[in-house]
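This report was prepared to accompany a structure for readers at the bench. Please keep the sequence and the coordinates in view while reading.

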Amino acid sequence: MNNSPLNLRTLFSFPNPAATTPPSNQWQEFQSRLGREIKTIKWPAAMPDLTSKVAELFNVELPDLLVSSWKKARELQEALEESRKSPEEVIVLDLAEHEITNEYHPNIEIRIAGLPLPKKIEFKVQIVTALKGINLKIQAGTITEIQAGSCDFEGKIKYEDLTIAEKKVGPLKLLGVGLSTITKQKQEPAPLK
């Protein structure tokens, strides 16, 4: 990964709304189903372009997903706790070879006055990432960097019973990725307004 980390949208090759190439058959079927589903909603203003909003749901960077998964691991939790006790010390945790399996359910809720319940458009994202040669740099209770390694990625995105994207790639070379702002944002709650 370089200065522009890989995100799910890019990995799954979601169509760019400005692109001139036609989208895949699965994406066209999804757009058709979505169109039929939202046709029943009485919009108080112009209907938004929901397919572009759907694509935005998948602008999640791969390092973010990895960090959220690693935070659940016992060995990593112990290293994070140890680093909190000695915030000046840098700990490097060797993760060797391992596999991360995750399932996510991103969704869009449509809330319009007069509708008794919000309309929910939900997706099921299944991801398996096999990692090799990864080191995590930890300081002051935070993962600050993912150091070089590689990964194989396999994933699928479904809308109801329709698979709208499926991908298997690898090995992808992972260059060092700094994460201090990412992990701090995830750990510190946003101020209440």
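The sections below go from the overall fold to individual helices and residues.

## Overall organisation

The structure is a predicted model. Its protein chain contains six helices and seven strands. Their order along the sequence is α-α-α-α-α-β-β-β-β-β-β-β-α; in that pattern, five helices precede the seven strands and one helix follows them.

The chain has 193 residues, of which 37% are buried. Its accessible surface amounts to about 11,500 Å², and carbon and sulfur atoms account for 50% of that area. Where contacts link residues at least 6 apart in sequence, 69% of them bring together residues at least 24 apart.

## The pairing of helices α2 and α3

A pair of packed helices is described by the angle between the axes and by the distance between them. Helix α2 covers residues 25–38 and helix α3 covers residues 50–57; their axes approach within 11 Å and cross at roughly 120°. An angle of 65 to 115 degrees would count as roughly perpendicular and one over 145 as roughly antiparallel, and the two helices are therefore oblique to each other. The crossing is right-handed.

From α2, the residues taking part in the contact are Trp 27, Phe 30, Gln 31, Leu 34 and Ile 38, and from α3 they are Leu 50, Thr 51 and Val 54. By character, these residues comprise six nonpolar and two polar, with no charged residue in the contact.

## Covered residues in helices α3 and α4

Within α3, the buried residues are Leu 50, Thr 51, Ser 52, Val 54 and Ala 55. Packing partners of the buried residues of α3 include two helices, α1 (8–11) and α2. They also pack against two strands, β2 (107–110) and β3 (119–139).

Helix α4 spans residues 62–70 and is mostly covered, with eight of its nine residues buried. The buried positions of α4 are Leu 62, Pro 63, Asp 64, Leu 65, Leu 66, Val 67, Ser 69 and Trp 70.

## Ile 121 and its surroundings

Is Ile 121 buried or exposed? Ile 121 is placed in strand β3. Its relative accessibility is 0%, so it counts as buried.

Apart from neighbours within four places in sequence, Ile 121 contacts Leu 34, Ile 38, Leu 50, Pro 106, Asn 107, Ile 108, Ile 110 and Tyr 159. Among these partners, Leu 34, Ile 38 and Leu 50 also take part in the contact of α2 with α3. Ile 110 lies 11 residues from Ile 121 along the chain, and their C-alpha atoms are separated by 8.1 Å.

## Glu 37 and its contacts

Glu 37 belongs to helix α2. With a relative accessible area of 17%, Glu 37 is buried, because buried means under 20%.

When residues up to four places away in sequence are not counted, Glu 37 touches Lys 119, Tyr 159 and Glu 160. Glu 37 and Lys 119 are 82 residues apart in sequence, yet the C-alpha to C-alpha distance is 9.6 Å. Tyr 159 is a contact of Glu 37 and also of Ile 121.

## Backbone features and loops

Which residues are joined by a cis peptide bond? The bond lies between Gly 170 and Pro 171, with omega about 0°. Pro 171 is located in strand β6, which runs over residues 162–174.

Positive phi values occur at Ala 140 and Glu 160. For Ala 140, a residue other than glycine, phi is near 55°. Ala 140 sits in the loop between β3 and β4 (142–147), and its relative accessibility of 38% makes it partly exposed. Glu 160 is likewise not a glycine, and its phi is positive at about 55°. Its place is the loop between β5 (149–159) and β6, where Glu 160 is exposed, with a relative accessible area of 51%.

## Gln 77 in helix α5

Helix α5, residues 74–85, contains Gln 77. Gln 77 has a relative accessible area of 34% and is partly exposed. Gln 77 and Gly 141 are 64 residues apart in sequence, with a C-alpha to C-alpha distance of 9.0 Å.

Technical notes. Residues are numbered from 1 along each chain as its sequence is written. This is a predicted model: local features need pLDDT of at least 70, side-chain atom pairs count only at pLDDT 80 or more; totals for chains, interfaces and linings use all residues. Side-chain values use heavy atoms; hydrogens and water are left out. Axes are lines fitted to C-alpha atoms, for helices over the stretch in contact, and angles run from 0 to 180 degrees between N-to-C directions. Helices (H or I, at least four residues) and strands (E, at least two) are DSSP runs, numbered from the N terminus. Angles under 35 degrees count as roughly parallel, over 145 as roughly antiparallel, 65 to 115 as roughly perpendicular and the rest as oblique. A crossing is left-handed if the near helix is turned anticlockwise from the far one by less than a right angle, and right-handed if clockwise. Contact means heavy atoms within 4.5 Å. Ala, Val, Leu, Ile, Met, Phe, Trp, Tyr, Cys and Pro count as nonpolar, Asp, Glu, Lys and Arg as charged, and the others, Gly among them, as polar. Buried means under 20% relative accessible area, exposed over 50%, partly exposed in between (1.4 Å probe, protein chains only). Accessible areas come from the Shrake-Rupley method with a 1.4 Å probe; for residues, only the protein chains shown count as cover.
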